[in-house]
Amino acid sequence: MIPYGRHLIDDQDIKAVVEVLQSDWLTTGPRVGEFEEAFAETVGARHAVAVNNGTAALHTAIYALGIEPGDEVIVPPMTFAATANCIVYQDGIPVFVDVDPETLLIDPDQVEKKITSRTKAMIAVDYTGQPCDYDVLRQIAERHGIALLSDGCHALGAKYKDRAIGSVADMTVFSFHPVKHITTGEGGLVTTSDVNWAKRMRIFRNHGITSDHRQRERQSSWFYEMVDLGYNYRMTDFQCALGTSQLKKLSEWIKRRNEIAAIYDKMISEIRCLKPLCLRPDVQSASEYIQRENQSQGNSASTKSKSNHAYHLYVVRIAADSGRERAKVFAALRNAGIGVNVHYIPVHLHPYYQKRFGTEIGMCPVAESAYEELLSLPMYPGLSNEDVHTVVSALREALE
Ligand SMILES: *Cc1c(COP(=O)(O)O)cnc(C)c1O
């Protein structure tokens, strides 16, 4: 079986984890800060706060923004449920805003229409790894005095106009689940340039307590204060050591993901009933990106600011008018040992959201009709060119 996503662990990673297991600190030790610093540097953020998964990272960010009962937060439906769930954890109200029909990224015109006096923030999701148009979203956020949170779980290693995702929005959330760009088993992190938000998040991930175990040990003190209701969202030292080791391979892996995407792009363009997702004008195609990466060894001839895709997912659309049923194509590929998937069932259609918030079919027609066409093909740095050809041959056969 060729899965849709898969981690890559090497001997350096294993060595880094084992060293921690033989040390004094399994959690709240020195590896946490080291990982946070390395991560912040990689994405050009001032602060990074590590937590135990991407969902906890979303919750932590929503808490730090001060979302309170009844506050509205704008969110696209074309995402994993956790992007909206984090709003509900703080008793906020998720307001679903439809996506652009070509890119399936949140539609800025629709965002503006859904802002009310109770709107406190919007969450941009860099779906599949393509960065949203942050300049436009930033203008809207500033015009209405709301926060801009990025769910960058698909976009570690992506750039928006030469700025790494993680340093563009007010806060950015990442996940280190095994299918994501780097893994720590389970893990997550929030980046921000705001020191007060960073402080709030460090307290929140530690039960709402203002000092941690190691700080108290250093000060030979037993005293601590819990100042707000927090959670135990801490990440262990062996996970952080794994994260630091994985991070060293990120740029190489982003390049490999783009190489795979370039092969898919070319082969898919020859299959009539398939459509790729469109790229926004400033986002380089996978083949452009590879070309520039190969050229940039030494000379930086072109200086026009560009965005690049992180290709967490490679999604194709089976044109609704092609007469091919997605369910049948999906089943045929699974039978052929190709672990295709579907990202995503629009969040507002889940029974929980329909029951609790009265969301229903017809609220986000673009996401709803796109959903019927979506198919995620295998995409991970360990995928060989031969595997990619196997996938596309099986896809061709399934379509026939
Ligand atoms: C993976 C993912 C999450 C959640 O991350 P976990 O680490 O699995 O909790 C949230 N949002 C998006 C868009 C994701 O892809």
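**Strands, cores and domains**

Biologist: Let's start with β1 (residues 47-51): in which sense do this strand and β9 pair?

Modeller: Happy to begin there: β1 and β9 are joined over five bridges. Keep in mind that the model is predicted. One facing pair is His 47 opposite Thr 192 in β9. The sense of the β1 and β9 pairing is antiparallel.

Biologist: Which residue of β8 stands opposite Thr 192 in β9?

Modeller: Strand β8 (residues 171-175) also pairs with β9, in the antiparallel sense and over five bridges. Thr 192 has His 47 opposite. On the β8 side, the residue opposite Thr 192 is Met 171.

Biologist: How many of the five residues of β9 (residues 188-192) are buried?

Modeller: Let's take the two faces in turn. Gly 188, Val 190 and Thr 192 on one side are buried, and so are Leu 189 and Thr 191 on the other. Buried here stands for under 20% relative accessible area. The count for β9 is therefore five, given that cut-off.

Biologist: Now the largest nonpolar core: which helix gives the most to it?

Modeller: This core has 93 residues, and Phe 35, Phe 39, Met 78, Met 122, Tyr 127 and Tyr 134 touch the most other members. The top contribution from a helix is seven residues, covering part of the run 54-64. That helix is α3.

Biologist: Where does this core lie with respect to the domains, and why?

Modeller: The protein is divided into domain 1 (11-247) and domain 2 (250-399). Both give residues to the core, so its place is between domain 1 and domain 2.

Biologist: How many residues are in the other core, apart from that one?

Modeller: Some members to look up are Tyr 264, Tyr 380, Val 388 and Val 392. The number of residues in this other core is 31.

Biologist: How far apart are the C-alpha centres of domain 1 and domain 2?

Modeller: The two domains do touch: 45 residues of domain 1 are in contact with 40 residues of domain 2. Their C-alpha centres lie apart by 24 Å.

Biologist: Last one: what is the volume of the largest cavity?

Modeller: The count comes to two cavities of 30 Å³ or more. Residues lining the largest cavity include Arg 6, His 7, Lys 180, His 181, Trp 253 and Pro 381. The volume of the largest cavity is about 40 Å³.

Note on methods: Residues numbered from 1 in each chain as written. Predicted model: local features only at pLDDT ≥ 70, side-chain atom pairs only at ≥ 80, totals over all residues. Heavy atoms only, no water. Core = buried A, V, L, I, M, F, W, Y, C linked by side-chain atoms within 4.5 Å. Buried < 20%, exposed > 50% of the residue type's maximum accessible area, 1.4 Å probe, protein only. Helix = DSSP H or I, 4+ residues; strand = E, 2+ residues; numbered from the N terminus. Domains from an automatic or database assignment. Pairing = 2+ DSSP bridges. 1 Å grid on protein atoms, 1.4 Å probe; cavity = no way out; pocket = protein on both sides within 12 Å on 5 of 7 lines; lining within 4 Å. Points joined across faces, edges and corners; volume = space filled by probe spheres on them. Contact = heavy atoms within 4.5 Å.
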